[in-house]
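Colleague: Hi! Could you walk me through this one?
Modeller: Sure, here it comes.

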Amino acid sequence: MADLFEDYRLGPGWDEMFVDPGLPRETYEALHATLQPLSSAELGVRADVLARAFLDQGITFALKGVERPFPLDIVPRIIAAEQWRTVEAGVAQRVRALEAFLADIYGAGQVLADGVVPRRIVVTSAHFHREAAGINPTNGVRIQVAGVDLIRDEQGTFRVLEDNVRVPSGVSYVMENRRAMAHVLPEVFAATRILPVESYPAQLLRALRAAAPNGVGDPTVVVLTPGVHNSAYFEHALLAREMGVELVEGRDLVCMGNEVAMRTTAGEKRVDVIYRRIDDEFLDPVHFRADSMLGVAGLLNAARAGRVTIANAVGNGVADDKLLYTYVPDLIRYYLGEEAILPNVETYRLEDPDALAYVLDRLDQLVLKPVDGSGGAGIVIGSQATDAQLAELRDRVRHDPRGWIAQREVALSMVPTLIGNRLRARHVDLRPFAVNDGDRVWVLPGGLTRVALPEGALVVNSSQGGGSKDTWVLAGTASAATPVDDPPVLAAIPEPVEPVSVPAPRSPDPGPGLGPSIAQQQQQQQSARSVGGEQTRC
Amino acid sequence: MLSRIAESLYWIGRYVERAEDTARILDVHLHRMVADPWVDEEIACRSLLAVMGVGGADGPVTSARVVGLLGLDEQNPSSVVGALAAARENARGARETVSSEMWECLNTTWHGLPDARRRVEQQGVHAFFRWVRERCSVMAGLTDATMSRDEGWHFLVLGRSVERVDMTARLLSTHVRAGGSIPSWLTLLRSCGAWETFLRTYRGSLDDRYAAEFLLLDRLFPRSVFAALSRAEACLSELEPDPGRAGVATDVQRIVGRARTGLEFRGADELMTDLGGVLSSLERTCSQINDAVSRRYFRQTSAVSWVPEAVA
């Protein structure tokens, strides 16, 4: 009998499914047993059904204005229950530490005074917005939604690649992937107990309502989108639909007297909580880019006056700064008195002259990332760059060491993936999503697994041929499946646990070439185009 | 409901109806070219383009050209393909409001348009028009079955009804301009799906007056102008739940009501003697309704102007 995995070869990097060729790990046994008897033709047919369903349902992302289906690979990625508990706790821990950090730097600045994080790193971050100082969220939450990018290194250890606490996207694909897979591979679902993912919109809505301004009994929540031309528009629409709230564009909102309202057929209706999917820079032309047509003039003043809540909060981007990322283990120690559950990928801080010199000597072996980039923009994988590119990079890094970090090139873990009509090992990463309602950080079981489709590629960006996989967290035993309550989020700035000395510069160490996050939105200016006002005849 | 979303739903209603009706009108036209040996193709084509508001075509105009302009032109939201694309684009911007099934129907149709063009080449235009009618019917059925009868529904049905008044008037205009021979009435009623109902209603007495009366005034046939105007009136009164003490609440209700009573109480004889005038007045009415609906519901709030200051 033909074996679907017959000519599957293990690649460089940790194989998620196989210990050795033909020998699946325990977590994958049921899946392996179900897939193995299928012929590649059968699998191909189901993959086609999957692709067709995505196209018809319009499950797409927009790239340069063109809608494309987001390829979903038919082989899921599986995470064992106990592994997941580590990830879940680690992600929640980071969110709690970053919440405390943001509250601190937009407030008293104790962490800076104590020298745990150098003040200049914060104030020189492109996403540190003084405009946000003094805006105090009602329930202390600035990060309603976090997307923490993880990879598994060569030993199978989950490591944090970066934190996204501005407008992380991709969660819609987690939900849609699950629905589609359940239709296409029902027999695998029957054989496996998988934690469900469909409660995300309810969790998100709960967190958004909990963040409403004081004194609002039944808050009106909206999702603010840049519009249909945004790459993540599909997700914005899905979240609004599944939360049962309005999806608004900037032109639907009006701000007067520090109150925000949306324009409805029955006049203006007050809005209390805005889950914005627009970057800070485009949010309010009064404070940020004056030419932005996406946002609402006066929004930030209304937030400062406590009349409307913006989620995630303005100015969160400083916590996404990749140089700050290197300090997160220190922040966890400083604010929570704990050790980081999930290790970082070791990183060089280039402001240190020794580290800079070391890195400049080895550009061809390292991965260089701009500190304020998102969506993988500007990342250079040294081993894949030409001499000319490296020379240019050297100039840029020397000229602006603050603007870059360097990491070792990590061979990301691999999962069998349908390429043509055969299964091949391809690199994956993982973006779990966390929702903070002020009492508890809830982590969606699984998250978005992105897979790099070209052979050997380390960049999982969909613009570079990336796709996704349904990500299963096994339910484990009944008792283990009971969700563990996270400790409450620190609502106020905590006392430092103990004075912490500034850590020594990082040792030269690993860093993955994992780059571009597919769904991270590319903000694009777009004119407020009316879709309806066609008047050729009327 | 957000004004923008209401506007999108109204236009989804209009565009889907427009796609379907344009396909029907083209079907009638092509059928007449084949069935009527005395028709002058050039004149008939120019006349159709004029009725449909596509003016100024240079050079010789053939039926193939008409199909290109009114059927397949992607850039023109009045063509069949253009209207389907516009409906889908509106639905994309209102995706959290329309049901998933409606969205999927419009999206799948849109994805099928390139194939449809191939179908025109391989199987002829009738296969294409048939496909369009079917897709529009699926959409109508899903709308009916999955959409809550709330404000959004009323806007969608209002748009559909306004478009239907407009298109039925245009359909009748093509006929009046062509001289209104008996065989062409037959084609026309057939293309509206009205032939059998008509026969049952008038027991086979096919003449100008009955046919026009049927399409203009029949209370029971859903594509008649009267039925569509009544439907629009019903939607408008749902959108304005407070009837007030005297008359109606809004401009748009007045315009629609006047048009409906104008048909209802003038009597068939009077309407027939000035059919051309009645039809062009209906088209003007549709345009007025559109303006009044926009003013009333889609531009609810005063515009806030924001002038960015140059920062030194």
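Modeller: Helices (H or I, at least four residues) and strands (E, at least two) are DSSP runs, numbered from the N terminus. This is a predicted model, where local features need pLDDT of at least 70, side-chain atom pairs count only at pLDDT 80 or more, and totals for chains, interfaces and linings use all residues. Residues are numbered from 1 along each chain as its sequence is written, chains are lettered from A and ligands numbered from 1 in the order in which they are written, and side-chain values use heavy atoms, with hydrogens and water left out.
Colleague: Thanks! How many helices and strands does chain A have?
Modeller: Chain A has 15 helices and 24 strands. Of its 538 residues, 61% are buried, meaning under 20% relative accessible area with a 1.4 Å probe and protein chains only (exposed is over 50%, partly exposed in between).
Colleague: Which helix 8 residues touch helix 9 in chain A?
Modeller: First the geometry: helix 8 (residues 200–210) of chain A packs against helix 9 (residues 233–243) of chain A at about 80°, with the axes 9 Å apart. Axes are lines fitted to C-alpha atoms, for helices over the stretch in contact, and angles run from 0 to 180 degrees between N-to-C directions. The two helices are therefore roughly perpendicular, a label for 65 to 115 degrees. From helix 8 come A:Tyr200, A:Pro201, A:Leu204, A:Leu205 and A:Leu208, and they meet A:Leu239, A:Glu242 and A:Met243 of helix 9; contact means heavy atoms within 4.5 Å.
Colleague: Switching to aromatics, how many pairs are there over all chains?
Modeller: The count is 23, taking rings of Phe, Tyr and Trp (its six-membered ring) with centres within 6.5 Å; planes under 30 degrees apart are stacked, over 60 edge-to-face and the rest tilted. One of them is the tilted pair A:Phe70 and A:Tyr173, at 4.5 Å centre to centre and 50° between the planes. A:Phe70 sits in the loop between strands 4 and 5 of chain A and A:Tyr173 in helix 6, 103 residues apart.
Colleague: Are those two buried or exposed?
Modeller: Both A:Phe70 and A:Tyr173 are buried. In chain B, B:Phe155 and B:Tyr297 pair edge-to-face, with 5.2 Å between centres and 80° between planes. B:Phe155 is in helix 7 and B:Tyr297 in helix 14 of chain B, so this pair ties together parts 142 residues apart in sequence.
Colleague: Which aromatic cluster holds B:Phe155?
Modeller: The one formed by B:Tyr10, B:Trp11, B:Tyr15, B:Phe155, B:Tyr297 and B:Phe298.

Key. Angles under 35 degrees count as roughly parallel, over 145 as roughly antiparallel, 65 to 115 as roughly perpendicular and the rest as oblique.
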